[in-house]
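Thank you all for making time for this. I would like to walk through one structure slowly, for those who have not met it before, so please have the sequence and the view in front of you.

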Amino acid sequence: MPDAASPVLAERLPDGVLLLTLNRPARLNAWTREMEELYFDHLLAADEDPEIRAIVVTGAGRAFCAGADMDDLAKAGEATQADLDARRPQTTPLSVRKPIIAAVNGPAVGLGMVHALYCDVRFAATDTAFHTAFVRRGLVAEYGSAWLLPRLVGHGNATEILLSGRPVGAEEALRIGLVSRVVEADRLLDETVAYATMLATQCAPSSIATMKAQLTRAAGSTFEEAATEAAELMLASFGTDDHTEGVASFVEKRAPRFAPLPTIAGS
């Protein structure tokens, strides 16, 4: 049983899905160093766990994450380079090979919004609002958000959202591509888990990991470079056990039995 007092709860669901819940509801799941360390620990452990094939991230209570805890933020000016070097980078979730799906159940503000952006797919409750907030705290577009946001919503939308720090509601987020689906709050987690279960049971982990890496590399490459890489990867995939299994399961009209990802050490 997970420790109910922990700032991040981890629960194994059926079919290889791991549910991670940011768990400081009295503070709207405001981000702390302890939460950060536990969240990253769980993500990296899941990446190495052959039984985990998809990860869902949500918040306890009525928020996803209200951003950096104000007590921590007030001390940020005292941080030294050594303090920063001792921490794993905020971008750690981007290194995870398995799909991460956010069930954004309420406000996602500042760093909380950034961590929603780090997820591969975002579903949102109808009453969700996203706030970049940085400009209203005398800060900058933090942790790569100036790179990620334009690639999701376009340069013009990203500029307006970042410069104003205004809230973006769920329906607008859906319209501009910030989220993939808007769901009534009481169905959000069920629908997100169902989507994660589909990925875990029907999609090859090796294909997902490769595609995640392709998408990252393609963002900084030319079309010709991305197409050339895709042709090379496709040729290599034809000889894999996963391709053989994918074809066989389709022909035999059964669920596929794809192999788990190897551990990093054994890759």
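Let me begin with Trp 31, whose relative accessible area is 3%, and which therefore counts as buried. Before going further I should say that what you are looking at is a predicted model, and every value I quote is computed from that model.

Staying with this residue, a search of the whole structure finds four aromatic pairs. In one of them, Trp 31 and Tyr 39 meet edge-to-face, with 5.8 Å from centre to centre and 85 degrees between the planes. Tyr 39 is buried, as Trp 31 is. Trp 31 also pairs with Phe 40, and here the arrangement is tilted, at 6.5 Å centre to centre and with 55 degrees between the planes. Phe 40 has a relative accessible area of 0%, so this residue is buried. Taken together, ring pairs link Trp 31, Tyr 39 and Phe 40 into a cluster.

Now please look at the backbone a little earlier in the sequence. Which value of phi does Leu 28 have, given that it is not a glycine? The angle is positive, at about 55 degrees, and Leu 28 lies in the loop between β2, residues 17–22, and α1, residues 33–48. Asn 29 is placed in the loop between β2 and α1, and its phi is near 60 degrees, again a positive value in a residue other than glycine. As for exposure, Leu 28 is partly exposed, with a relative accessible area of 25%, whereas Asn 29, at 0% relative accessibility, counts as buried.

From here I would like to turn to the charged contacts. How many salt bridges does a search of the whole structure find? The search gives 18, and I will take a few of them in turn.

In one, the side chains of Arg 24 and Asp 69 meet at 3.0 Å, N to O. Arg 24 lies in the loop between β2 and α1, while Asp 69 lies in the loop between β3, residues 54–59, and α2, residues 70–74, so the pair ties together parts that are 45 residues apart in sequence. Asp 69 is buried, with a relative accessible area of 3%.

In another, Arg 87 and Glu 36 form a salt bridge through their side chains, at 2.6 Å from N to O. This pair links distant parts of the chain, 51 residues apart, with Arg 87 in the loop between α3, residues 81–85, and β4, and Glu 36 in helix α1. Is each partner buried or exposed? Arg 87 counts as partly exposed, at 28% relative accessibility, whereas Glu 36 is buried, with a relative accessible area of 0%.

A further salt bridge joins the side chains of Glu 229 and Arg 217, at 2.5 Å, N to O. Glu 229 is in helix α10 and Arg 217 is in helix α9, residues 205–218, so that distant parts of the chain, 12 residues apart, are linked. Arg 217 counts as partly exposed because its relative accessibility is 42%. Besides these, Arg 33, Glu 37, Asp 41 and Arg 88 are joined into one network by salt bridges that share partners.

Let me come briefly to strand β4, which covers residues 100–104 and includes Ile 100. The C-alpha atom of Ile 100 is separated by 4.8 Å from that of Ile 55, although the two residues are 45 apart along the chain. At 0% relative accessibility, Ile 100 counts as buried.

I will finish on the surface. Which residues gather there in a patch of negative charge? They are Asp 127, Glu 184, Asp 186 and Asp 190. Of these, Asp 127 lies in the loop between β6, residues 121–125, and β7, residues 129–131, and with a relative accessible area of 54% this residue is exposed.

There is also a nonpolar patch on the surface, formed by Met 234, Leu 235 and Phe 238, which together have about 340 Å² of accessible area. Leu 235 lies in helix α10, residues 223–237, and Leu 235 is exposed because its relative accessible area of 63% is over the 50% cut-off.

Definitions and conventions. Residues numbered from 1 in each chain as written. Predicted model: local features only at pLDDT ≥ 70, side-chain atom pairs only at ≥ 80, totals over all residues. Heavy atoms only, no water. Patch = residues over 30% accessible without salt bridge, like charges linked within 9 Å, V, L, I, M, F, W, Y side chains within 5 Å. Areas by Shrake-Rupley, 256 points an atom, 1.4 Å probe, with all protein chains shown as cover. Salt bridge = Lys/Arg side-chain N within 4 Å of Asp/Glu carboxyl O. Lys, Arg positive; Asp, Glu negative; His and termini not counted. Charge placed at Lys NZ, Arg CZ, Asp CG, Glu CD. Helix = DSSP H or I, 4+ residues; strand = E, 2+ residues; numbered from the N terminus. Buried < 20%, exposed > 50% of the residue type's maximum accessible area, 1.4 Å probe, protein only. Phe/Tyr/Trp six-rings, centres within 6.5 Å; stacked < 30°, edge-to-face > 60°.
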